[in-house]
Amino acid sequence: MSRVHRETLILGIETSCDETSVSLVRDGRRVIVNLVSSQIEIHRPYGGVVPEIAARQHMTAILPILAEALAAADASWEKIDACAVTAGPGLAGSLLVGVNAAKAISFARGLPLVGVNHLEAHIYANWLAAETGGAGRLPREPSFPALCLIVSGGHTELILMRGHGAYDLVGQTRDDAAGEAFDKVARILGLTYPGGPAIEKAAAGELGASRPGNPAAFALPRAVLRGGYDFSFSGLKTAAQRLIEEQTPGQGADSLAANPDLLADLAASFQEAVVDVLVARTVAAAQQYGAADILLAGGVAANARLRHLIQDRSPVPVRIPPLSYCTDNAAIVAGCAYFALKAGKTDGLDLDVNPNLRLAEAAF
Amino acid sequence: MVALLLAIDTSGHSAGIAVLDGTQVLAEQTWTVRGSHGRLLLPAAEQLLRVAGGSANDLQAVGVALGPGAFTGLRVGIVTAKTVAWALDIPCLGIPSLEALAATASGASRVLAVLDAGREEWFWALYANDRGRRRCLSPPEIGRPEEALKRLTRSTLLVGECSDSQQALIATSFARTVELGDRRLPATRPAAVGLLAAERLAAGERDDPATLAPFYLRRPAAEERKGVAG
């Protein structure tokens, strides 16, 4: 970059799923502002994100949130060095609102454009300072090689990061993502969408139970896949469904509302089965590849049981981003783009969305 | 100094942009390549502005076709147009897609403007041209082609998107009232969007980019199934 002598301020845009988010990040680490407009209440009646509705919401949310972010940061266009946007993976209709807005800004203001891979952005949450407003102490930068566990509603991936922009896929789910399994089992338990936070609450005994759920109350299977570090959650989901039916004979899951202690035990046992597999494979892979750090990323990284268990069992330091950077947001996009820009990667105005973008393709 | 207007129309299978100076069309480009609107739009805008002797900094306004039309295409064009307008702090003007289509045939006294709505349906509207003035006789709606064609009472020129089967339907049942142009030519004329936008700009009108959204005419399928009020 030509502007090495001063700070680099990047405008980030994220619209890959159901959050419209805009952020300004300085030097890839200091978050000046990070605004997120969530559609979660709009999609709740459908039990999941409806792509056409999500795209329509992004259309009306994008400019007000852009204007609000610039105003909150007191940033004029002259202070902004580049515009970054999630180009994929994600929902095509959602992605294209953000991508075309970012391209329009690049075109109108003559700013460099950086298309960012959503998974890569999640990893870079580990470089961000916890506080917004640009102040606060910076955390230690993660050391390489780092083993990244990305877990969310759409992803369950183990990635070995050898350096900035250099990744090897070590393992991934062969069927459902971990967050997807949470959503599906939450529905069977009669809990609300999104399922992850609902199951965590139920497991903690916070949905009317007299005590926290017992994670060892019921034995659920941990899928062991041979060769490599892939995951599978569909068998666990089926086993959980069978268990719930056995425990509520002839009554359906609605009866669990009247038996909150049983609900707590079922939720805790299911959560433990998911988290146990995630932690065991991550720790084993970290050992095999000689990882210096383990990095958590993605929405499921907000799960307290996962955070606790992985720190408990890992032989190397575990980095866990602040909660607000685990779910989808634009700070991680702007943060990641800084390192891409520093490596000389920019995109042209012909940048297109790629709903199936893979991590290796985005490496800079 | 030049003061240019950028016009965008991505509502149909064909799409394109135009650059105008006042009511003079300086350059226009259209394409009919599936799934390419987002990839082609701004590189084309940059190139056409250069052809017109300017750049993004010389833009005075942006006009855009609002729909009805293909949802994805509309979103690409509209989010691009309104973000450019917002970032440059210049007026943004939304133009009904079917009216822009009708404006390409101002010589005909009756014009039926149609765009493919999928599911064998049309987005359509009916216009009259009377001594250089255009009136909307029937506002945009969505429906089966025969429903629209049955409503025509006198000789009408059809402009827009018409499939082979729809052309056959017209030839067998509606040949007396409906005239068809050359369907090989792209239906979309972004310059028509530009001219209508220039008219609105001259009249002192402008739309709020923050709230500018496609004119969908059809609710999301999931909402229809669920019967959510909307």
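The legends below describe close-up views of a predicted model with chains A and B.

**View 1. The sheet of chain A has five strands.** The sheet is open, its strands follow the order 3-2-1-4-5, and the pairing is mixed. Strand 3 (30–38) and strand 5 (113–117) of chain A are the edge strands, and each of them pairs on one side only. From one strand to the next, the twist averages 20°. Strand 1 (residues 9–14) and strand 2 (residues 19–26) of chain A are antiparallel partners, paired over six bridges. In this part of the sheet, A:Glu14 stands opposite A:Ser21 of strand 2 of chain A.

**View 2. Helix 3 and helix 11 of chain A pack on the sheet.** Helix 3 of chain A touches strand 1, strand 4 (82–88) and strand 5 of chain A. The direction of helix 3 makes about 155° with that of strand 4 of chain A. Helix 11 (residues 331–342) of chain A touches strand 1, strand 2, strand 3, strand 4 and strand 5 of chain A. Between the direction of helix 11 and that of strand 1 of chain A the angle is about 130°.

**View 3. Strand 5 of chain A is an edge strand that is mostly covered.** Five of its five residues are buried. A:Leu113, A:Gly115 and A:Asn117 point one way from strand 5 of chain A, whereas A:Val114 and A:Val116 point the other way. Strand 5 of chain A pairs with strand 4 of chain A in the parallel sense, over five bridges. Across this pairing, A:Cys83 stands opposite A:Leu113 of strand 5 of chain A.

**View 4. Chain B also contains an open sheet of five strands.** The order is 3-2-1-4-5, with mixed pairing. Strand 3 (24–31) and strand 5 (92–96) of chain B each have a single partner strand, so one side of each is left without a neighbour in the sheet. Neighbouring strands are turned by 20° against each other on average, direction ignored. Strand 2 (residues 15–21) and strand 3 of chain B run antiparallel and are joined by seven bridges. Within this sheet, B:Ile17 stands opposite B:Gln29 in strand 3 of chain B.

**View 5. Helix 2 of chain B lies across strands of the sheet.** The strands concerned are strand 1 (4–9), strand 2, strand 4 (59–67) and strand 5 of chain B, and the helix runs at about 155° to strand 4 of chain B. Helix 2 (residues 71–88) of chain B has 18 residues and reaches 26 Å from its first C-alpha to its last, close to the 26 Å expected at 1.5 Å a residue. Of the 18 residues of helix 2 of chain B, 17 are buried. B:Asp89 follows helix 2 of chain B and has a positive phi, near 55°.

**View 6. Chains A and B meet in a contact that takes 28 residues from chain A and 29 residues from chain B.** On the side of chain A, helix 2 (51–72) and helix 3 are the elements that give two or more residues. Helix 3 of chain A gives the largest share, 12 residues. By class, the side of chain A that touches chain B has 19 nonpolar, three polar and six charged residues.

**View 7. Helix 3 of chain A packs with helix 1 of chain B.** The angle between helix 3 (residues 92–109) of chain A and helix 1 (residues 37–51) of chain B is about 10°, and their axes are 11 Å apart. These two helices are therefore roughly parallel to each other. A:Leu96, A:Val99, A:Asn100, A:Lys103 and A:Phe107 meet B:Gly38, B:Leu42, B:Ala45 and B:Glu46. By class, this helix contact has five nonpolar, two polar and two charged residues.

Key. Residues are numbered from 1 along each chain as its sequence is written. Chains are lettered from A and ligands numbered from 1 in the order in which they are written. This is a predicted model: local features need pLDDT of at least 70, side-chain atom pairs count only at pLDDT 80 or more; totals for chains, interfaces and linings use all residues. Axes are lines fitted to C-alpha atoms, for helices over the stretch in contact, and angles run from 0 to 180 degrees between N-to-C directions. Helices (H or I, at least four residues) and strands (E, at least two) are DSSP runs, numbered from the N terminus. Angles under 35 degrees count as roughly parallel, over 145 as roughly antiparallel, 65 to 115 as roughly perpendicular and the rest as oblique. Two residues are in contact if their C-beta atoms, placed from the backbone, lie within 7 Å. Ala, Val, Leu, Ile, Met, Phe, Trp, Tyr, Cys and Pro count as nonpolar, Asp, Glu, Lys and Arg as charged, and the others, Gly among them, as polar. Two strands pair if DSSP finds at least two bridges between them. The expected span of a helix is 1.5 Å times one less than its number of residues. A residue is buried if 20 or more other C-beta atoms lie within 10 Å of its own, exposed if 12 or fewer, and partly exposed in between; C-beta atoms are placed from the backbone.
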